[in-house]
Amino acid sequence: ECSHSFKARLLQYCNSLFAQLDKEDISRLQKIQNAAVKFIYGRCQWQGVTKLRKELHFISVDLRIKFKICLMVHKCLNDGAPSYLKELVQRETTNPDHDHNTRYDETKLKKDRRNKFTSTKRAFQPVGPGWWNELPKSLREVENGSTFTSLLKTYFFSV
């Protein structure tokens, strides 16, 4: 139990900073998580870990990064984040497509389209709203923090 807790914390430390890493880097991080799962269960190198990860309630590294970013966006929208982060998240005020025949969705957020540099694409401001908008509307409408966290993790387990 102690080993499981220690490894889980190591893997989760600042993982939201890994937003938009390339597939090769995500793959390296996934190998670390897989090795930790195998260590916890005492499995050999060639044995699969997908079922074991689910038993530990671990989601894959790429989804864990999205989970943490979406959780931070939720906190920004529901007064659970510092003001400097809340300023980076704004709701859409008009339909971005300017099509009056489509229904406006008040749960969607404005995406920051100003900067195309790689380093800023990984920043919270452009990534957070984009991933938030990809979530189902029913999930974006949840205001309670613990309910949202539980439903979000369940959603990422089902993807």
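These are numbered remarks on the predicted model.

1. **Main core.** The largest nonpolar core holds 27 residues. Within that core, Leu135, Phe148 and Leu152 touch the most other members. Helices H4 (61–77), H7 (124–134) and H9 (145–158) each give at least two residues to this core. H4 supplies the largest share, 10 residues.

2. **Leu135.** What does Leu135 touch, once neighbours within four places in sequence are set aside? The contacts are Cys70, Arg140, Phe148, Leu152, Tyr155 and Phe156. Phe148 and Leu152 appear again here, as they do beside Leu135 among the residues that touch the most other core members. Cys70 falls within the range of H4, 61–77. Phe148, Leu152, Tyr155 and Phe156 fall within that of H9, 145–158.

3. **Second core.** A separate core of five residues is also present. Val37, Val49, Leu56 and Phe58 are among its members. Val37 is one of the buried residues of H2.

4. **H4 and Trp131.** Ile69 sits in helix H4. Its relative accessible area is 5%, so Ile69 is buried. The C-alpha atoms of Ile69 and Trp131 are separated by 7.9 Å. Along the chain the two residues are 62 residues apart. Trp131 falls within the range of H7, 124–134.

5. **Aromatic pairs.** How many aromatic pairs are there? The count comes to two. In one, the ring centres of Trp132 and Phe148 are 5.6 Å apart. Their planes meet at 35 degrees, so this pair is tilted. Trp132 belongs to helix H7 and Phe148 to helix H9, so the pair ties together parts 16 residues apart in sequence. Both Trp132 and Phe148 are buried.

6. **The other pair.** Tyr155 and Phe156 also form a tilted pair. The distance is 5.4 Å centre to centre, with 55 degrees between the planes. Are these two residues buried or partly exposed? Tyr155 has 27% relative accessibility, so Tyr155 counts as partly exposed. Phe156 has 6%, so Phe156 counts as buried. Tyr155 and Phe156 are also both contacts of Leu135.

7. **Helix H2.** Does the length of H2 agree or disagree with the expected span? Helix H2 covers residues 23–41, which is 19 residues. At 1.5 Å a residue, H2 should span 27 Å. The end C-alpha atoms are 27 Å apart, so the two values agree. The buried residues of H2 are Ile26, Gln30, Gln33, Asn34, Ala36, Val37 and Lys38. Just after H2, Gly42 takes a positive phi of about 65 degrees.

8. **Lys38.** This lysine deserves a check. Lys38 lies in helix H2. Its relative accessible area is 17%, and the cut-off for buried is under 20%, so Lys38 counts as buried. Setting aside neighbours within four places in sequence, the contacts of Lys38 are Arg43, Cys44, Gln45, Trp46, Gln47 and Val49. Val49 is also a member of the second core. The C-alpha atoms of Lys38 and Gly48 are separated by 8.6 Å, with the two residues 10 residues apart along the chain.

9. **Ser60.** Ser60 is placed in the loop between H3 and H4. With a relative accessible area of 14%, Ser60 is buried. Leaving aside neighbours within four places in sequence, Ser60 is in contact with Gln30, Gln33 and Arg53. Gln30 and Gln33 are both buried residues of H2.

10. **Positive phi outside glycine.** Most residues other than glycine have a negative phi. His57 has a positive phi, near 65 degrees. His57 is in the loop between helix H3 (50–55) and H4. At a relative accessible area of 52%, His57 is exposed. Asp79 also has a positive phi, near 55 degrees. Asp79 lies in the loop between H4 and helix H5 (83–86). Asp79 has 63% relative accessibility, so Asp79 counts as exposed.

11. **Cysteines.** How many disulfides does a search of the whole structure find? The search finds zero. Cys44 is partly exposed, at 32% relative accessibility. Cys76 is buried, at 6%. Cys44 is also one of the contacts of Lys38.

How values were computed:
Residues numbered from 1 in each chain as written. Predicted model: local features only at pLDDT ≥ 70, side-chain atom pairs only at ≥ 80, totals over all residues. Heavy atoms only, no water. Core = buried A, V, L, I, M, F, W, Y, C linked by side-chain atoms within 4.5 Å. Buried < 20%, exposed > 50% of the residue type's maximum accessible area, 1.4 Å probe, protein only. Helix = DSSP H or I, 4+ residues; strand = E, 2+ residues; numbered from the N terminus. Contact = heavy atoms within 4.5 Å. Disulfide = S-S within 2.5 Å. Expected span 1.5 Å × (residues − 1). Phe/Tyr/Trp six-rings, centres within 6.5 Å; stacked < 30°, edge-to-face > 60°.
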